[in-house]
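Dear colleague,

I am passing on a structure that I would like you to look through at your own pace. My notes on what was found in it come after it.

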Amino acid sequence: MQDYLQAHKGRFLDELLELLRIPSVSADSNYKGDVRKAAEYVRESLAKAGADVAELHETNGHPIVFGEKIIDPALPTVLVYGHYDVQPADPLELWTSPPFEPVIKDEKIYARGSADDKGQFFMHVKAFEAMMATGSLPCNVKFMIEGEEEVGSNNLGTFVASNREKLKADVILISDTAMIANDVPSIDTGLRGLSYVEVEVTGPNRDLHSGVYGGAVANPINTLAKMIASLHDEKGHITIPHFYDDVVELTADERALLESAPFSLDEYKTDLDIDDVQGEEGYSTRERASIRPTLDCNGIWGGYTGEGAKTVLPSKAFAKISMRLVPNQDWNKITDLFAEHFRRIAPKSVKVKVTPHHGGQPYLTPLESAAYRAAEAALAESFGKKPVPTRGGGSIPIVALFEKELGLKTVLMGFGLDSDAIHSPNEHYGLFNFYKGIETIPLFFKHFAELSR
Ligand code: BES
Ligand code: MN
Ligand code: MN
């Protein structure tokens, strides 16, 4: 295995770079053709690697790539999930090299999607190829690589619900998260859920002269800003009634275990160029970003934002708001609570519209499962260090759906780093991480096959 990986590492990288050159931005319909091109590239790479089945499934949105290699129906099956779509690359001017012309700098691959998630799911394709080539695939494997993760996986739910037999497996394996550091392997044992909404605040029926009317008529931007500010109290708690009702508090032991993982607040602040952190009272920075629910304004606009000044009292103001959720919050319930509260706190001088976008449930991996222990053993073997359990702050909404529709638990064996700048300009993925992932995945298969005997 090591010999095969060593002999082919240059080609593995070249093939990833080729995939990274395809701008598969799922959110922007201008890239629809490129998204399909990326899907086709993935399908072909699975076929070449030795999959018996490698096909595209059409959806109402972007296609889903499915592949499988069944060596023996009596053996366990690992279902690998990933996404070949990427976030939009803007703001383009902040990239030091073009987002879809990957370059290697300081041992890192710079390109949109390099870490999230092309560089990560592609490790699985290459690990599969290596296991096939060396005759060491110890169990069955299926691949489901989708093209709509970054826009809410709207069509994947239907695909999963109507293909239960096809997707039959024993565990889901995903590399789409981060670990603590290259010398501190870790495994995310949970993901936050998400409720994403857009709000519209309307004041007067048209834009007004801010001198003629200003002071006498509600300014929707001022009002919206005040409403958003009121959603947190001075202790950093979210003020929506019943918001915390279903939140599971961790035990002291669970908190201590999570806190035992190394973390430097000074490095955190230096990396972000901030003099202080802020957040919910009574919780550490890491806890605030993982085991606690949050509410953030992701965008806010209205009125005049062009060059120079225009005196205007706008008719409307808008904001996009996300809430990260933790077990056992339900995203539909939270969305309703938000909408009800937001309407209630609006003064009579404005009208409010709340539009839910998408969401997903939070998720937890059981630490005592064969799959988690296999991941632990695999990382311990390849890093020479037992991985620590962590909780991820991000969301992969489909993971909870896999559990509901397929009854399957997921192991989040991610090889990225928080500093990879995913969703940001200059996204990158370490060559070390790419190769380490390819080396570790076959070990997961080996341990999983053994542990599930
Ligand atoms: N890979 C990320 C999720 C992630 C990143 C989880 C780091 C844990 C650590 C995924 O592609 C993503 O960006 N998810 C979105 C949600 C989706 C509905 C747009 C997110 O978390 O904002
Ligand atoms: Mn991702
Ligand atoms: Mn993402």
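The manganese ion (ligand 2) has as its protein donors H83 (NE2), D116 (OD), D176 (OD) and D176 (OD), which lie 2.0 to 2.3 Å from it; donors here are N, O and S atoms within 2.8 Å of the metal (3.2 Å for Na, K and Ca), and water is not among the atoms, so sites may look incomplete. This is a predicted model, in which local features need pLDDT of at least 70 and side-chain atom pairs count only at pLDDT 80 or more, while totals for chains, interfaces and linings use all residues. Residues are numbered from 1 along each chain as its sequence is written, chains are lettered from A and ligands numbered from 1 in the order in which they are written, and side-chain values use heavy atoms, with hydrogens and water left out.

Along the chain, the donors of the manganese ion (ligand 2) are spaced as H-x32-D-x59-D. D116 also bridges this ion and the manganese ion (ligand 3), the two being 3.6 Å apart.

Turning to ligand 1, 16 residues surround it, and the closest are E149, D176, R324, S395 and H423, where a residue counts as near if one of its heavy atoms lies within 4 Å. Oxygen atoms of ligand 1 lie 2.7 Å from a polar side-chain atom of E149, 2.7 Å from an N or O atom in the side chain of R324, and 2.8 Å from a polar side-chain atom of H423; a polar contact is a pair of N or O atoms within 3.5 Å.

With best wishes

Key: Polar contact = N/O pair within 3.5 Å; in protein donor to acceptor, adjacent residues only side chain to side chain.
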